[in-house]
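Please examine the sequence and the structure shown below before reading on. The paragraphs that follow lead from a single side chain to the cores, the enclosed and open spaces, and the backbone.

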Amino acid sequence: MTGLLEPRAIGRELPRRDGPAKVRGRATYAYETPVEHAAFAHPVQATVARGRVTGVDTSGAEALDGVLAVLTPFTAERLASTEDAELAVLQTDEVAFRGQIVGAVIAETSEIAREAADLVTVSYDEAPHDVELSAGRDDLYAPEKINPAFPTDTAQGDVAAAMAAAEVTVEQTYTTPMQHNNPMEPHASTALWADGHLTIWDSTQGVHHAREATCTVFGLDPVRVRVVCPYVGGGFGCKGNPHAGVVLAAMAARAVPGRPVKLALTRQQMFSLSGYRTPTIQRMQLAAGRDGRLDAIAIDVVEQTSRIKEFAEQTGTATRTMYAAPNRRTTHRLAALDVPVPSWMRAPGEAPGMFGPEVAMDELAQLLDIDPVELRIRNEPELDPLTGKPYSSRNLVACLREGAERFGWAGRDPRPGVRTEGGLLVGTGVAASIYPVNRMTASTATIRYEGSRYVVEIGAADLGTGTWTTLAQIAADALGVPVDDVEARIGDTDLPMASVAGGSSGMTTWGSAVVEAARAFHDKFGHAPGPGDEAHGDVGPPDDGHAMYAFGAQFAEARVDPDTGEIRVPRLLGVFAAGRIINPRLARSQFVGGMTMGLSMALHESGVLDPRFGHVVNHDLADYHVTACADVGDIQAHWVVEHDPYVNAMGSKGVGEIGIVGTAAAVSNAVHHATGVRVRDLPITLDAVLAGLGSRV
Ligand code: MOS
């Protein structure tokens, strides 16, 4: 247990410190980095989903004025490590998915590079491909672990026996589609080789993580590589683990000595080269007594990975801890397909993994005629069902109660499809949210007194989340000085080691290192430091005596046109229990942003894979719909006061991801309440609703 910091700067609605530079256009993003005499790279992508490159005709491209070099699998430099097949750019003639990089052009301008890339002719020995996920495949396999290192399966008691004996059961299959990270800023890099040293200005969620991958791939000592990233135009997870683009940028820069090279993926390239959320098939089983208490809960997940690299999304982990039930099972099975490599997307695991379970809970509530808020409260566990440990804090019930109060849940008629307003069917739904409190290892902060101010240095990332501001708030309270006297410096491998911004772990990890550095600083210099005095602090290990999670309750109102099936969500309301809120303005932005992305997941987002060719056909923002302003009504995020002395010295839990968790289930449950139509497959589209409405009694 840690002594919590006295919150002075923590808890204040300070505006983001990077805001003025961003709105004035002075914040330099990776692609805009001013470098002398830059060249530009553009990838050539495979047009078959499986096979072998038999030849590359580069003559057309090379004849174009302004082309500096054309790289092919046969001419590109050999990398030191090809262990990570996704990063082994141009190292093999094997094609593992449509869209794979099979060449690249480097030219004087990005326009010439792009035009020349079109003139590169690649011939293939094409092989039959297999890109269709189904639960009935006979080649499904159990991965050794699921992201990042959880057991693949868990089991307690006997779910089958409980299902057979139960008074009420729900047994249904729910699906979520491929979804794609679409930050405003694409993956972009500026790479510069000079005197055997490589500098990459990269749009990344972790400069040290990106450096490590680059060093491995190129066989370089870390002292020879610097990665810089002060600003990120959105990440959501796709800029967490490095993908092929940053390797290609560095490779391209080495191919044109003396020239730095810029590479930005196009929006369409993002759909095959930056990771995506795997589609999931979730078979749910719930067994309960008439009193609504669960006797069994099980989720069996089938999802896809790529043939060349495994990513096993942890879809079932939320179910492991969410509700009390003596009999429990979670399993994960994968199909390795000829598809791009899936990876992280905001709340990998929890976001898709709380869709099936939270719709199933709504189905159970309806069968039992128990209010869905009350049903969840009845299944609150005393201790974490997975580990048997107490929760450091668990305030799901408070979130449900406060959300119900704020949303106006009381007096809701539970019957579906009975309420109309202005010719529209109207309904409301609820779902719960959960997200773990993650703490990464290996992060160090330095605090130095520079005469008039304290400088905090750590190679942390701000992908729009507010790190520039919040780390200064934490340092101010840890040092006991005004926040205006503190300056944070982040986003550069020349600064002390920081973990990747992933799993909503940033504040817990970097913040803890900053607090340790501040304590060391006080121990050495007291309250009257001199210029140049500095101290370091490392993130410590987590408290392992507690299960640590943030919780939330999401409420949605849906309005459905009975003639067209058109769905509108005029209201979303979330109440979260996420520990102490470091900066309410920035945290609200994270919650509301997550909920908006959850709305997008509920109604719009779906990568449509054409099985004939193996690519996502709607690979642009015209056809891959994300929630836009016109889709968003009244979205409110609130939080309960939570005192958690176990999570970290700030008492904070991550807020970047929990907002997306549960939203889609709340919307689906609201659509069911409005229409009587249960949509178990995301996204909830008007045709699915309309088909159900046609057969409605
Ligand atoms: Mo987030 S998907 O952990 O970057």
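**A walk through the predicted model**

The side chains of Asp338 and Arg307 are joined by a polar contact of 2.5 Å. The structure described here is a predicted model. Asp338 also meets the backbone elsewhere: a polar atom of the Asp338 side chain lies 2.7 Å from the backbone nitrogen of Asp130. In sequence, Asp338 belongs to the loop between strand S15 (327-337) and helix H9 (350-353). Is Asp338 buried or exposed? Asp338 has a relative accessible area of 1% and is therefore buried, the limit for that class being under 20%. Beyond its neighbours within four places in sequence, Asp338 is in contact with Ala49, Arg50, Ala96, Phe97, Pro128, His129, Asp130, Val131 and Arg307. Both partners already described, Asp130 and Arg307, appear among these contacts.

The nonpolar interior comes next. In soluble globular proteins, nonpolar side chains tend to be buried together. The largest nonpolar core in this model has 98 residues, and Leu471 and Ile474 have the most contacts inside it. Helix H6 (residues 244-255) supplies the largest share of this core, nine residues. A second core, separate from the largest, has 89 residues, including Ala431, Ala432, Ala556 and Val569. What surrounds Leu471, leaving aside its neighbours within four places in sequence? Leu471 is in contact with Ile458, Ala460, Ala488, Ile490, Met507, Trp510, Gly511 and Val514.

Empty space inside the model can be considered in turn. Rolling a probe the size of a water molecule over the atoms shows where empty space is left. The structure holds one cavity of 30 Å³ or more, and the volume of the largest cavity is about 140 Å³. The lining of this cavity has 18 residues, of which His187, Asp202, Ser203, His243 and Val246 are the closest to its centre. Strand S9 (188-194) and H6 are the elements that give two or more residues to this lining. Helix H6 thus has a part in two features, as it also gives nine residues to the largest nonpolar core. By class, the cavity lining divides into eight nonpolar, eight polar and two charged residues.

Open space is described in a similar way. The second largest pocket has a volume of about 550 Å³. It is lined by 25 residues, and those closest to its centre are Gln45, Ala46, Gln268, Gln269 and His619. Which elements each supply at least two residues of this lining? They are S1, helix H3 (110-119), S6, helix H7 (267-273) and strand S25 (615-616). The lining of the second largest pocket comprises 11 nonpolar, 11 polar and three charged residues.

The backbone deserves separate attention. Most residues other than glycine have a negative phi, and most peptide bonds are trans. Against this background, His37 has a positive phi of about 60° although it is not a glycine. His37 is placed in the loop between helix H1 (19-23) and strand S1 (39-45). With a relative accessibility of 53%, His37 counts as exposed, because that class begins over 50%. Ser504 likewise is not a glycine and has a positive phi, here of about 50°. The loop that holds Ser504 runs between strand S20 (486-489) and helix H14 (506-525). The relative accessibility of Ser504 is 13%, so Ser504 counts as buried.

Two peptide bonds before proline also call for notice. The bond from Asn147 to Pro148 is cis, with omega near -10°, and Pro148 is in the loop between strand S6 (121-126) and strand S7 (154-156). The bond from Leu682 to Pro683 is cis as well, with omega near -10°. Pro683 lies in the loop between helix H16 (663-675) and helix H17 (686-694).

The loop between H16 and H17 also contains Val679. At 5% relative accessibility, Val679 counts as buried. Leaving aside its neighbours within four places in sequence, Val679 is in contact with Phe355, Ser668, Ile684, Ala688 and Val689. How far apart in space are Val679 and Glu212? Their C-alpha atoms are 44 Å apart, and the two residues are 467 residues apart in sequence.

Technical notes. Residues are numbered from 1 along each chain as its sequence is written. This is a predicted model: local features need pLDDT of at least 70, side-chain atom pairs count only at pLDDT 80 or more; totals for chains, interfaces and linings use all residues. Side-chain values use heavy atoms; hydrogens and water are left out. Helices (H or I, at least four residues) and strands (E, at least two) are DSSP runs, numbered from the N terminus. Buried means under 20% relative accessible area, exposed over 50%, partly exposed in between (1.4 Å probe, protein chains only). A polar contact is a pair of N or O atoms within 3.5 Å; within protein, one must be able to donate a hydrogen and the other to accept it, and residues adjacent in sequence count only if both atoms are side-chain atoms. Contact means heavy atoms within 4.5 Å. A nonpolar core is a set of buried Ala, Val, Leu, Ile, Met, Phe, Trp, Tyr and Cys residues joined through side-chain atoms within 4.5 Å. On a 1 Å grid over the protein atoms alone, a cavity is a set of points where a 1.4 Å probe fits but cannot get out, and a pocket is an open set with protein on both sides within 12 Å along at least five of seven lines; lining residues have an atom within 4 Å of a point. Grid points are joined across faces, edges and corners, and a volume is the space filled by probe spheres set on the points. Ala, Val, Leu, Ile, Met, Phe, Trp, Tyr, Cys and Pro count as nonpolar, Asp, Glu, Lys and Arg as charged, and the others, Gly among them, as polar.
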